[in-house]
Amino acid sequence: LRLLGRVEVDESRVRNVSAWIGGRVDKLDVRETGTVVKRGQVIATLYSPEVYAAHQDLLTATKQVNKLRNASDIARSSAEATLLAARERLSLLGLPDAEIERMAAAASPRKQVSITASEGGTVMERLVTQGQYVQTGAVLYRIADLRTVWVQLDAYESDLPNLVEGQSVELEVEALPGERF
């Protein structure tokens, strides 16, 4: 029995990469659909005034805690509470603890943040352009794991008696003539 069909993405293996912070897209490290990315790979860089301000607060609070090491308990605990609040603000903006530690050791506040691929796979859709402003939660890319795909076959009603759930199927695709899957 020969049937026509199409290979489709397994929709359970599609993931969105979203902007976890609003800002301007300064750089697209991944520009084309079809690009294979690894989990954790930087795929875009955003300029974020909100992260810049929060990082500045963190650096100021860190300096204040260091200055007040030998001060009264009240002054020291107040400075430490401010530092904790600055760290929490960055955490709520979506920055991981390791990144916050690196930011605390920086000499000056960072104006840009990296957006990384949450999962590895193939870029199926790029929904952002360089220079574009995005809001928190905006989908930037759709990435799919193509190690497993679906094959949708078109069968006529008269073909149904010859089809059984779970039966083996051999596929030939026009893109790879002579090869069977």
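Two strands count as paired if DSSP finds at least two bridges between them. I start there since strand pairing takes up much of this talk. The model you have in front of you is predicted.

Take β4 and β7. Strand β7 covers residues 121–126, and two bridges join β7 to β4, with the two strands running antiparallel. One position to find on the screen is Val-36, which stands opposite Thr-122 of β7.

As general background, the strands of a sheet pair through backbone hydrogen bonds, and the pairing can be parallel or antiparallel.

Now the sheet these strands belong to. Four strands make up an open sheet, in the order β2-β9-β7-β4, and the pairing is antiparallel. Its edge strands are β2, residues 14–18, and β4, residues 36–37, each of which pairs on one side only. Working across from β2, we find five bridges between β2 and β9, the latter being residues 139–144, again antiparallel. Here Arg-15 has Ile-143 in β9 as its bridge partner. Next, β9 and β7 pair over four bridges, in the antiparallel sense. Val-123 also has Ile-143 of β9 as its bridge partner. So much for the bridges of this sheet.

Let me stay with Thr-122 for a moment, the residue in β7. Is Thr-122 buried or exposed? The cut-off for buried is under 20% relative accessible area. Thr-122 has 14% relative accessibility, so Thr-122 counts as buried. Setting aside residues up to four places away in sequence, Thr-122 touches Gly-34, Thr-35 and Val-36, and also Arg-142, Ile-143, Ala-144 and Leu-146.

There is another sheet to look at. This one is an open sheet of four strands in the order β6-β5-β3-β8, with antiparallel pairing. Its edges are β6 and β8, residues 133–134, and each of these pairs on one side only. Strand β3 is residues 23–28, and two bridges join β3 to β8 in an antiparallel arrangement. Look for Gly-23, which stands opposite Val-134 in β8.

At the other edge, strand β6 contains Gln-112. With a relative accessible area of 36%, Gln-112 is partly exposed, because partly exposed means a value between the 20% and 50% cut-offs. Which residues is Gln-112 in contact with, apart from neighbours within four places in sequence? They are Asp-26, Thr-45, Leu-46 and Tyr-47. Arg-24 is 88 residues away from Gln-112 along the chain, yet their C-alpha atoms are separated by 9.3 Å.

On to a helix. Helix α1 runs over residues 49–67, which is 19 residues. At 1.5 Å a residue, α1 should span 27 Å, and its end C-alpha atoms are 27 Å apart, so the two values agree. The buried residues of α1 are Val-51, Ala-54, His-55, Leu-58, Leu-59, Ala-61, Thr-62 and Val-65. Looking down the axis of α1, these buried residues fall within an arc of 165°, so they line one face of the helix. On the other side of α1, Lys-63 and Lys-67 are exposed. What covers the buried residues of α1? The cover includes α2 (73–92), α3 (97–104) and β6 (112–116). That brings β6 back in: one of the edge strands of the sheet we just left is also part of the cover over α1.

Last item, the empty space. In general, rolling a probe the size of a water molecule over the atoms shows where empty space is left. The largest pocket has a volume of about 750 Å³. The elements that give two or more residues to its lining are β1 (4–9) and β10 (149–154). In total, 23 residues line the largest pocket, and those nearest its centre are Leu-3, Leu-153, Val-169, Glu-170 and Leu-171. Which element gives the most to this lining? That is β1, with four residues.

That is all I have.

Definitions and conventions
Residues are numbered from 1 along each chain as its sequence is written. This is a predicted model: local features need pLDDT of at least 70, side-chain atom pairs count only at pLDDT 80 or more; totals for chains, interfaces and linings use all residues. Side-chain values use heavy atoms; hydrogens and water are left out. The expected span of a helix is 1.5 Å times one less than its number of residues. Buried means under 20% relative accessible area, exposed over 50%, partly exposed in between (1.4 Å probe, protein chains only). The arc is that of the directions from the helix axis to the C-beta atoms. Contact means heavy atoms within 4.5 Å. On a 1 Å grid over the protein atoms alone, a cavity is a set of points where a 1.4 Å probe fits but cannot get out, and a pocket is an open set with protein on both sides within 12 Å along at least five of seven lines; lining residues have an atom within 4 Å of a point. Grid points are joined across faces, edges and corners, and a volume is the space filled by probe spheres set on the points.
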